[in-house]
Amino acid sequence: LSRKRERGVFCLHSNAAAAPPHSELKEFPPLPNGERGLGGEGRMAITHIAGNTKKKDQPMNEVEQRVLGAIDMDGLLALLCELIAIPSLDGSTDELAVQQRVADWMRQSGFEVDAWELDFATLQQLPQASWDVERPRGLGVVGTLGDDLGGRSLIFNGHTDVVPAGDLANWRYPAFAGTIADGRVYGRGSVDMKGGLCCALFAAK
């Protein structure tokens, strides 16, 4: 994202259905105690968060090294764990809380932020309207970086809601805490998709 020539827009909707392609997700072996219920949301490798999808014997080129070197990994992981700790279950009031936290982070990071209440009554009248969970309130958030100089724009789109964690006794670490251990981030939403969301935020920054 070139701030000089392009305008970057970060769109964040609590009920958007966007996630990284399956080919980009790291597959993990079964956990020693046979845990279930984690799925793709329970664990994310920190190497994936850093964007390293290359094979071990394939070194990064100079551009890739510069890009990763510019990422504040400590800040990224801190924000990710903070967002995981907000139990933003579909239809809960914490969906608003996590949206507001991301909006605050973008403002603090120099984004121009537009946040607005979603008009569900009007949206329901549209023929393409569809959602699985009823929400009394919803917040849309868009953050923009750079000046509009007529060049191409890059949009990152993501969501902050998560599905229920199931039986919490099946989790090695708390589902809603954000725990870094053994080179992985544990917690509901670490992959789908608060991890991807934080990667996009820090990539744009």
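These entries record what I looked up about the packing of helix H6 against helices H3 and H4 in a predicted model.

Entry 1, H4 and H6. I began with helix H4, residues 94-108, and helix H6, residues 194-204. I found that their axes come within 12 Å and cross at roughly 15°. Angles under 35 degrees count as roughly parallel, and I therefore entered H4 and H6 as roughly parallel to each other. I noted the crossing of H4 past H6 as right-handed.

I then listed the residues in this contact. H4 contributes Val98, Val102, Trp105 and Met106, and H6 contributes Lys194, Leu197, Leu201 and Phe202. Sorted by class, the contact of H4 with H6 holds seven nonpolar residues, one charged residue and no polar ones.

Entry 2, H3 and H6. I turned next to helix H3, which spans residues 73-84. Its axis lies 9 Å from that of H6, and I recorded a packing angle of about 140°. H3 and H6 are therefore oblique to each other, since roughly antiparallel requires an angle over 145 degrees. H3 also passes H6 in a right-handed crossing.

For the residues, I looked up both sides. On H3 they are Gly75, Leu76, Leu79, Leu80, Leu83 and Ile84. On H6 they are Lys194, Gly195, Leu197, Cys198, Cys199, Leu201 and Phe202. By class, I entered ten nonpolar, two polar and one charged residues for the contact of H3 with H6.

Entry 3, cross-check on H6. I compared the two lists and found Lys194, Leu197, Leu201 and Phe202 of H6 in the contact with H4 and also in the contact with H3.

Technical notes: Residues numbered from 1 in each chain as written. Predicted model: local features only at pLDDT ≥ 70, side-chain atom pairs only at ≥ 80, totals over all residues. Heavy atoms only, no water. Axes fitted to C-alpha atoms, helices over the stretch in contact; angles between N-to-C directions. Helix = DSSP H or I, 4+ residues; strand = E, 2+ residues; numbered from the N terminus. Parallel < 35°, antiparallel > 145°, perpendicular 65-115°, else oblique. Left-handed = near helix turned anticlockwise from the far one by under 90°. Contact = heavy atoms within 4.5 Å. Nonpolar A, V, L, I, M, F, W, Y, C, P; charged D, E, K, R; others polar.
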